[in-house]
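Got your viewer open? Let's take a short walk through this fold, picking a few side chains at a time.

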Amino acid sequence: MDADIQGNENKFTIVDFNNFWSPSGGGVRRYHLQKMAFYEGLAERSPEERILSVFVMPDSKTFTEKKSESLIIEHVEAFKFPGNWEYRFLWKLSQIEPVLAKYKPQVIEVGSPYILPTVVRRAARKVSPDSKLVGFWHADFPVTYIGRPVAKKLGVSLGTFCRKEAFWYARKEFKNFRCIQASSREAMARLKKNGLPDPRWIPLGCDIQMFSPTKRDEALVNELKAGVPERLTMFFPHRHCNEKGIDLLLGAYDILTEMLGHEPAIVFAGTGPSLPLVEAAASKYKHVRYIGFVNSIDEMARYYASVDMGLALSGWETFGLSILESMASGNAQVGAAAGAAFEHVTESKAGTILKERTSQALASAIVELYHSDMQAMKQNARQYAEKFSWNDCFQRQLNLYKEL
């Protein structure tokens, strides 16, 4: 028997599968990076714990990467989706079974709802029948990707029907799972209402040392202001798609310019299907720029802390990591009227809520926030973000795993 495997036999082992992982992803990528960081140092912090975390990463080839005594990354070759993203899809028993047979984990977490939960359940039943299955509701897909888009295009009745069918599908996928974790109370309540197994609230965290007003770069501030101290500056690091409000923001630019009396500065980072629209706007407007995908957390923190406000325009966030990072950096927010964005903005009293999803309403909300007591709201944003800790998140989750 391989010495490493033999050494892991007596450890409490957790295996993570998630097709929402992407090297250029947003919130889900951050969740797994922070989770890996928590477990990578766990053996040194608490040697008595005897815990091993294994993250199964969809990749271009298959190999094992041992990061520490308490963290291993199993890279598994998987199909890559075409287009402006780097998602890969695990869906075969031949991709899942070898990992489960190798580690025989006590707990298996599945973070994406399409096909993968069923495949993992079948593989576990065959090679690791004692494993407890748990889910993580990273995306509220019956509402976000099914119900609301269908309602918008084909009518409310059909949208409601399709949303119910999507929840039926979710119940089928997560059949025999012990629980589903959700990071917002609204999402947890929706899971419970729709019959998903034992929803548990696991709020995510925020690195408040990394994301801080102290990361403000005056040179970058002056560069963005471009000689106009009152110029409004904003940072949009979200996925470039309508779900995140990219259409609203691009449509609001000319309206904002007229209402403010100057051209606001907007910095876009990241990628997504609407990237061509962002690039076109950057070519058209002097104070709109696209800086590509930012892999450096330090660079992200610098941009967050060097602008005037944040934009949390998606009404379908299950937690909204980028919202918390922006708030930790001292940014008041224009928030959507639903989902985690609504929860964060209303509970923190650190912004204003978008009254309707139109570009005119967004421009009005931005101007309203711009002319408010921004300093007080910035302080509220920072104080609110300080309540969230990654260590607390994963310790709470580990306690749940042990309970199961």
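Start with the aromatic rings: this predicted model has 22 aromatic pairs when rings count as paired with centres within 6.5 Å. Each pair is described by the distance of the centres and the angle of the planes.

**Stop one: W21 and F55.** Select these two and look at how the rings face each other. Their centres are 5.3 Å apart and their planes meet at 70 degrees, so this pair counts as edge-to-face, the label for angles over 60 degrees. Now trace the chain from one to the other. W21 is in the loop between strand 1 (12–17) and helix 2 (27–40), while F55 belongs to strand 2 (residues 51–59), so the pair links distant parts of the chain, 34 residues apart. Are they buried or exposed? Both W21 and F55 are buried.

**Stop two: Y31 and F394.** Next, select this pair. The ring centres are 5.7 Å apart with planes at 50 degrees, so the pair is tilted. Y31 sits in helix 2 and F394 in helix 17 (residues 390–403), 363 residues apart, so here too the pair links distant parts of the chain. Y31 is buried, with a relative accessible area of 0%, and F394 counts as buried at 0% as well.

**Stop three: a cluster.** Now pick F20, Y114, W137, F141, F167, Y169, F174 and F177 together: they form one aromatic cluster.

**Stop four: charges over rings.** Which ring does the charged end of R45 sit over? Show F38: the charged end of R45 is 5.0 Å from the centre of that ring. Then hop to R302, whose charged end sits over the ring of Y303, 5.3 Å from its centre.

**Stop five: helix 10.** Finish by selecting residues 246–260, which make up helix 10. At 1.5 Å a residue, its 15 residues should span 21 Å, and the end C-alpha atoms are 20 Å apart, which agrees. Look along the helix and you'll find a bend of about 45 degrees at Y253.

Which residues of helix 10 are buried? Colour I246, L248, L249, A252, Y253, L256 and L260. In an α-helix there are 3.6 residues a turn, so residues three or four places apart point the same way. To see what covers the buried residues of helix 10, show its surroundings, including strand 11 (233–236), strand 12 (265–268), helix 11 (275–284) and helix 15 (359–370).

Last click: G261, which follows helix 10 and has a positive phi, near 85 degrees.

Notes:
Residues are numbered from 1 along each chain as its sequence is written. This is a predicted model: local features need pLDDT of at least 70, side-chain atom pairs count only at pLDDT 80 or more; totals for chains, interfaces and linings use all residues. Side-chain values use heavy atoms; hydrogens and water are left out. Rings of Phe, Tyr and Trp (its six-membered ring) pair if their centres lie within 6.5 Å; planes under 30 degrees apart count as stacked, over 60 as edge-to-face and the rest as tilted. Helices (H or I, at least four residues) and strands (E, at least two) are DSSP runs, numbered from the N terminus. Buried means under 20% relative accessible area, exposed over 50%, partly exposed in between (1.4 Å probe, protein chains only). A charge sits over a ring if NZ of Lys or CZ of Arg is within 6 Å of the ring centre and within 35 degrees of the ring normal. The expected span of a helix is 1.5 Å times one less than its number of residues. The bend at a residue is the angle between axes fitted to the seven residues ending there and the seven starting there. Contact means heavy atoms within 4.5 Å.
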